[in-house]
Amino acid sequence: MSMWSKNASWAADGELFIAGISATTLASEFGTPLFVLDEDDFRSNARRFIDAFEEAFGAGKVSVYYAGKAFLSASVIKWLEEDGLNLDVCTGGELAVAKLAKFPPSRIEFHGNNKSVAEIEEALDYGVEYIAIDSFVEISRVEKAAATRGMIQKVIIRTTPGIEAHTHEFIATAHEDVKFGFSIASGAALEAARQVRGSTHLDLQGLHAHIGSQIFDTDGYELAAKRIIELLATIRDESNLELPLLDLGGGFGIAYLAGESALDPATVAKKMCAVISSACEAHGLKVPHISIEPGRAIVGPSMATLYEVGTTKSVTLENGGSRAYIAVDGGMSDNIRPAIYDAEYTVVLANRRSTAALQPSRVVGKHCESGDIIIKNVDLPSDIAPGDLLATPVTGAYGRSMASNYNHISRPPVVAVSDGKARIIVRRETHEDLLRLENMEG
Ligand code: LLP
């Protein structure tokens with residue numbers, strides 16, 4: 001899969017178009033920095049997960065939960081609703097967006113390692129289908145909220161199956177040093193299942209694991225599935241209860257740079273299906289309903305960020321070479337990933353073609369911080385000048401959703417483009433928005 005969304009194209013003069021709209025038009029109409037979301041790309045990425053997993057497991061046997069933490073807005077939630085997706089939220093704030101968009105509660109699951117009592121109550125009052133129980137403390141919190149309401153709440157248990165998934169490898173660990181969920185190896189997950197089963201207000205539906213993010217190797221998913229199925233069998237042996245649901249989380253890897261390739265949903269689905277079917281058969285279990293929670297793989301490739309170049313300079317390096325510093329009008333406030341994960345992105349000149357020689361360059365933001373780097377090393381045309389537009393692809397996941405107001409920068413808008421039309425789905429913040437938080441009486 002290319003790094004650009006499916007409706008990105010380049011005109012003869014080198015200008016970038018997304019869904020038929022030029023970079024210059026987008027920048028002049030909506031300003032920069034700007035997140036541009038290719039609606040069709042988002043929707044087809046989502047559809048690919050449904051199709052791939054239904055093809056492997058069978059229609060009606062799979063639920064795809066879009067992980068809203070990657071990027072959430074009411075418009076996107078409407079697309080999910082129309083396209084048959086479900087929604088994974090992990091805070092009251094994400095739930096509030098779902099409520100604003102009137103997303104059916106029967107298609108929501110609520111995650112989080114430290115849900116407050118208020119968040120749990122709000123989720124129950126809205127009627128969310130599943131609460132993913134993450135700790136012993138939470139069992140009694142959810143039970144109490146359900147009891148007060150005289151209801152029985154469906155829950156799943158988040159397990160940690162002892163797998164550390166890395167980009168290109170996985171390491172099976174004896175115990176998990178993570179804040180999420182119940183360890184399978186230590187027996188905590190089994191004990192949680194006992195406690196939940198013992199509650200008259202909780203209905204244990206299944207087990208969950210999310211092994212990590214940006215995963216390219218299916219072995220981690222397969223091992224997680226095997227360990228969870230063993231636990232399903234233990235629970236069945238203990239209680240005669242066959243849990244109907246197995247949720248394998250998200251984490252499907254995507255390409256950020258040329259030469260990288262995404263994890264193909266069809267390949268993962270087939271491999272997971274083979275492993276799950278044989279493990280279930282070995283334990284005499286029916287194959288449970290399968291849920292997955294992709295976030296990044298749906299929204300990541302569907303967005304690009306447009307920036308305008310503000311200043312440039314050249315520095316001499318110790319080795320005698322030189323480097324251009326190209327400063328754009330955003331930075332670590334709209335893309336924190338390079339600063340905190342060493343994440344790598346690429347960038348192109350978006351408003352024209354240049355025939356100038358390439359030079360080693362660094363694309364930086366406008367924040368008062370030398371680590372405010374969007375792209376550390378990239379060769380860019382030497383004639384890039386103030387007023388040029390740069391575009392960074394694959395910024396949809398954890399870009400806008402992790403954006404900050406550092407240095408009192410207003411967070412950029414998100415514009416959805418489709419068939420030559422653009423519409424704002426999240427507007428740009430204004431100074432007024434920021435100042436609204438001030439208490440002048442304080
Ligand atoms: N399900 C659960 C329970 C999760 O915790 C996550 C991500 C997902 C699904 C979705 O994972 P995805 O398919 O998007 O990889 N801020 C980091 C990523 C943190 C992911 C947290 N949990 C980043 O920018 O790479």
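Helices and strands here are DSSP runs, numbered from the N terminus. The model is predicted.

**Exercise 1. Place Ala19 and Lys102, and state for each whether the residue is buried or exposed.**

Step 1. Start with the backbone. Phi of Ala19 is near 50 degrees, a positive value in a residue other than glycine. Lys102 also has a positive phi, near 55 degrees.

Step 2. Locate them. Ala19 sits in the loop between strand E2 (16-18) and strand E3 (21-22). Lys102 sits in the loop between helix H4 (92-100) and strand E7 (108-110).

Step 3. Apply the cut-offs: buried is under 20% relative accessible area, exposed is over 50%. Ala19 has 11%, so Ala19 is buried. Lys102 has 66%, so Lys102 is exposed.

**Exercise 2. Find the cis peptide bond that involves Pro33, and place Pro33 in the chain.**

Step 1. Read omega. For the bond joining Thr32 and Pro33, omega is about -10 degrees, and the bond is cis.

Step 2. Place the proline. Pro33 lies in the loop between helix H1 (23-30) and strand E4 (34-38).

**Exercise 3. Describe the shell around the ligand and the polar contacts with Ser213, Gly251 and Tyr341.**

Step 1. Count the shell. The ligand is surrounded by 18 residues. The closest are Ser213, Glu293, Arg296, Arg337 and Tyr398.

Step 2. Sort by class. Five residues of the shell are nonpolar, seven are polar and six are charged.

Step 3. Sort by domain. Domain 1 (8-38 + 300-435) and domain 2 (111-294) each supply at least three residues of the shell.

Step 4. List the contacts to ligand oxygen. A polar side-chain atom of Ser213 is 2.4 Å from a ligand oxygen atom. For Gly251, a backbone N or O atom is 2.8 Å from an oxygen atom of the ligand.

Step 5. Turn to ligand nitrogen. An N or O atom in the side chain of Tyr341 is 2.8 Å from a nitrogen atom of the ligand.

Step 6. Check the cover. The ligand taken alone exposes 590 Å², and the protein buries 88% of that.

**Exercise 4. Trace the salt bridges of Arg423 and Arg43, and state which residues their network joins.**

Step 1. Recall the principle. Side chains of opposite charge can pair when their charged atoms come close. The cut-off is 4 Å, from a side-chain nitrogen of Lys or Arg to a carboxyl oxygen of Asp or Glu. The count for this model is 21 salt bridges.

Step 2. Take Arg423. Its salt bridge partner is Glu39, with the closest N and O atoms 3.2 Å apart. The pair links distant parts of the chain: strand E23 (residues 421-426) holds Arg423, helix H2 (residues 39-57) holds Glu39, and the two are 384 residues apart. Arg423 is partly exposed at 38% relative accessible area. Glu39 is buried at 10%.

Step 3. Take Arg43. Arg43 pairs with Asp83, and the closest N and O atoms are 2.8 Å apart. Arg43 lies in helix H2 and Asp83 in helix H3 (residues 74-83), so this bridge ties together parts 40 residues apart in sequence. Arg43 is buried, with a relative accessible area of 18%.

Step 4. Compare another pair. Glu129 and Lys154 meet in a salt bridge at 2.8 Å, N to O. Glu129 is in the loop between helix H5 (117-126) and strand E8 (130-133), while Lys154 is in strand E9 (residues 153-160), 25 residues apart. Lys154 is partly exposed at 27%.

Step 5. Assemble the network. Salt bridges with shared partners join Glu39, Arg43, Glu82, Asp83 and Arg423.

How values were computed:
Residues are numbered from 1 along each chain as its sequence is written. This is a predicted model: local features need pLDDT of at least 70, side-chain atom pairs count only at pLDDT 80 or more; totals for chains, interfaces and linings use all residues. Side-chain values use heavy atoms; hydrogens and water are left out. A residue is near a molecule or strand if one of its heavy atoms lies within 4 Å of it. A polar contact is a pair of N or O atoms within 3.5 Å; within protein, one must be able to donate a hydrogen and the other to accept it, and residues adjacent in sequence count only if both atoms are side-chain atoms. Accessible areas come from the Shrake-Rupley method with a 1.4 Å probe; for residues, only the protein chains shown count as cover. Ala, Val, Leu, Ile, Met, Phe, Trp, Tyr, Cys and Pro count as nonpolar, Asp, Glu, Lys and Arg as charged, and the others, Gly among them, as polar. Domain bounds come from an automatic or database domain assignment. Helices (H or I, at least four residues) and strands (E, at least two) are DSSP runs, numbered from the N terminus. Buried means under 20% relative accessible area, exposed over 50%, partly exposed in between (1.4 Å probe, protein chains only).
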